[in-house]
Amino acid sequence: MNKTWLIIKREYWTRVKKKSFLITTILLPVLVACLIALVTYLAAKSEQKQLIVIQDESGFFINKLDTTDESYKTIYILPNVKESKKDFLKRKDADILVHIFPFKNNQPDSVIIYKEGGVSLSAKSFISRELDNIYQIKQMQDAGINKIQIDSINKSEIAIKSYDLENNKETSSEIAMAMGYGMGFLMYIIIFIYGAGVMRGVMEEKTNRIAEVIISSVKPFQLMMGKIFGIGLVGLTQFIIWLSLMGFMFLISQIVSPEIREAMHSPIIQNPEMQEQALQQVNGEFAPIIQTILHQNWGLIIGAFLFYFLGGYFIYAAMFAAVGSLVNEDPQEAQQLTLPVSMPIIFGIIILQATIKDPNSPLAIFGSLFPLTSPIVMLGRIPYGVPTWQIITSMLLLIGGFILMTWISAKIYRTGILMYGKKPSWKEVIKWIRSS
Amino acid sequence: MLKLNHLVKTYATQKAVDDISFSVKKGCIFGLLGPNGAGKSSLLRMVTGITLPDRGEIIFNNEPFLLTKHSEQIGYMPEERGLYKKMKIGEQALYLAQLKGLSKSEAQAKINFWFNRLDMQSWVNKKVEDLSKGMSQKLQFVLTVVHDPKLLILDEPFSGLDPLNSEIIKKELFELAKNGSTIIFSTHRMEQVEEICEEIVLINKGKSILQGDVKSIKEQFKLNHFKLEINDELKGFDNHIISKKGNEYILHFNNHQDANAVLNYCIHQQIKIISFQEVLPSLNEIFINQVEGSAARQFTNN
């Protein structure tokens, strides 16, 4: 055990001391934060309203477009004045030219939008929406519906809220979906990054032939487990640093933006009507989202994430170690041999896609119990709420799967790490597993 | 010290080691000879405990050999040298020494001792990838002996070393043996064996074909050849002459009388004898003689 500890320490420190570790661990989140800040800044900057010049030959739409829109303002040119494209280009402050052709048979004919460098999707949809609206109102009026009725039709929108049957809390399926997908995907990336790290480490030891020296001091199993644990600790360290950085940034954002702070501190109220009031008291559009996020059972989520992080990492790390021990110098060989290991991970991510749409489908339940996919799929299900028996079964299966996989991998590793030359066939590998 | 009883190791395609037995005395430098692919490395891997024999047993200091129990008393240098390329040499040495059961301070002391002795102090903060091949060879040797192993197993220790470093390592081996370490090394370079080893075992195709101490093996295979160098021509002994180069003759005698007769003749004819000595076969010749005919190993599964 003492020697395994030495191996763990070496695996850990050689990685953590590397420059690349520092870069990915500290610089990456900073980079992401900077990127978000930049995007926010650019979005804020472009809030200046764009000016749409409307040449309306039909005369029907004049002064009817929405003037309260945040992004666009409009000016109109009367049908009898011709605005050529050249005239438009001379205008310095104008961005978009909309040319509405005269009606044919009392019906709108066609509309052309010009913009330097092409028309953006949002500009197009704004114009299309507005024009459709205006024309629909006219049609309704023609059909004999009066103005008040039309207004009431336009305003009517049935509010839908979703509640969890068990605890009477409001749930947001969008947020649950985003969280489930986010966590499942994160798991997928973690397994690939750190699992491949284990594989590379094993390959390095084998091709450098240091494995033989070490195996004359410790058992192959100790070397393998030392590597797996060491790299797992590196992952955990990285993760904890990221979490603290995230917490730190969140704190800063609270100080900077009072809206978020208010939303955070507004009481969580179970009664739907009171909650409605509470939400209305909080000014700012973040409030509902933050409320929903706060409603999550964070103890369960963080606990489950840590468990599946460790379980998923260990089960795959063992497999990647076995694969690494089979590879000779050829990196292409590694790619071929990784296939059987990456397949279940990819299946996991496919099942995850289906799971976030329907978290209680048989496929989702199977995926969240089967040890090779459960670390990804179960994390996708948890934000929606999962029956306790399923979580416990899934965890037990994962632990069992991990023990089984490690046992098999250790047998492959033990032989593979000392085999040079020809790539062993799967038949041979199975023979190694069977031999005691 | 070490006893091997009927070891057998079979790999998928062939019997790598086929019923080999020998024993090595304490403080002995023992040579394991054989052509490439004879099974030397497979045998050494079993002795180090890296692999287990399919049959047979290894007795180490009168008890069955167990990796977990004895690994700290064994130093093993594999044929293909292996070190972490990107790890600092000092840290690497410390790590490997600790894996052999030394405490951190013990390990550091031993490393300092050996690095000083072999003039390697300046390497401590370098990485293995900065070393030349010969240098990393020397480093590997130091890392193998750093924990004072009772049994030293070296697979082709001199391959890739220049004569100067070869000489240094050789000197260290003698020193270690003098201090009671037992050394087994494999090689296919016979001249080194004659120089260094007291006892040898010659294996081919996984089988032991010859073993014993170097002197008696040479005695056993001697062809009763003598070299005579004189300053005149030798006449009348044509049936004894095997080859002639100037006035240097290689002669064959069946018994002492014949040899004495030649010398008598030279003395009576007033021929000056420059030298006369028995020619023992070199291990190289014995080796080729023994291995030839049986040729190198063929794969059993065609």
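## Close-ups of a predicted two-chain model

**View 1. Chain B comes in two domains.** The domain assignment splits chain B into domain 1, covering 2-219, and domain 2, covering 223-279. Keep in mind that everything shown here belongs to a predicted model. If you take the C-alpha centre of domain 1 of chain B and that of domain 2 of chain B, they lie 44 Å apart.

**View 2. Here is where chain A touches chain B.** On the chain A side, 17 residues are in contact with 21 residues of chain B. Two elements of chain A, helix 1 and helix 7 (210-215), each give two or more residues to this side. Helix 7 of chain A gives the most, with six residues. Sort the chain A side by class and you get eight nonpolar, four polar and five charged residues.

**View 3. Helix 1 of chain A meets helix 3 of chain B.** Zoom in on residues 2-16 of chain A (helix 1) and residues 89-99 of chain B (helix 3): their axes come within 9 Å and cross at roughly 160°. Because of that angle, helix 1 of chain A counts as roughly antiparallel to helix 3 of chain B. The crossing of these two helices is left-handed. Look for A:K3, A:L6 and A:R10 on helix 1 of chain A, which meet B:Y95, B:Q98 and B:L99 on helix 3 of chain B. By class, that contact has three nonpolar, one polar and two charged residues.

**View 4. Two helices of chain A pack against each other.** This pair is helix 14 (residues 362-369) and helix 15 (residues 374-381) of chain A, with axes 6 Å apart and an angle of about 125°. So helix 14 of chain A is oblique to helix 15 of chain A. Their crossing is left-handed. From helix 14 of chain A come A:A364, A:G367, A:S368 and A:L369, and they meet A:S374, A:V377, A:M378 and A:R381 of helix 15 of chain A. The class count for this contact is four nonpolar, three polar and one charged.

**View 5. A four-stranded sheet in chain B carries a helix.** Follow the strands of this open sheet in the order 12-13-11-14, with antiparallel pairing. At the edges sit strand 12 (241-245) and strand 14 (273-279) of chain B, each pairing on one side only. On average, neighbouring strands of the sheet are turned by 15° against each other, direction ignored. Helix 9 (residues 256-268) of chain B packs on the sheet and touches strand 11, strand 13 and strand 14 of chain B. The direction of helix 9 makes about 5° with that of strand 11 of chain B. Now look inside the sheet: strand 11 (residues 225-230) and strand 13 (residues 248-252) of chain B run antiparallel and are joined by five bridges. To spot a bridge, find B:L228 and its partner B:Y249 in strand 13 of chain B.

**View 6. Strand 4 of chain B pairs with strand 1 and strand 5 of chain B.** Strand 1 (residues 2-10) and strand 4 (residues 55-60) of chain B pair in the antiparallel sense over five bridges. B:N5 stands opposite B:E57 in strand 4 of chain B. Strand 4 of chain B also pairs with strand 5 (residues 63-64) of chain B, again antiparallel, over two bridges. Here B:I59 has B:P64 as its bridge partner. Strand 4 and strand 5 of chain B form a hairpin with two residues between them. In the turn, check out B:N61, which has a positive phi of about 50°.

Note on methods: Residues numbered from 1 in each chain as written. Chains lettered and ligands numbered in written order. Predicted model: local features only at pLDDT ≥ 70, side-chain atom pairs only at ≥ 80, totals over all residues. Axes fitted to C-alpha atoms, helices over the stretch in contact; angles between N-to-C directions. Parallel < 35°, antiparallel > 145°, perpendicular 65-115°, else oblique. Left-handed = near helix turned anticlockwise from the far one by under 90°. Contact = placed C-beta atoms within 7 Å. Nonpolar A, V, L, I, M, F, W, Y, C, P; charged D, E, K, R; others polar. Domains from an automatic or database assignment. Pairing = 2+ DSSP bridges.
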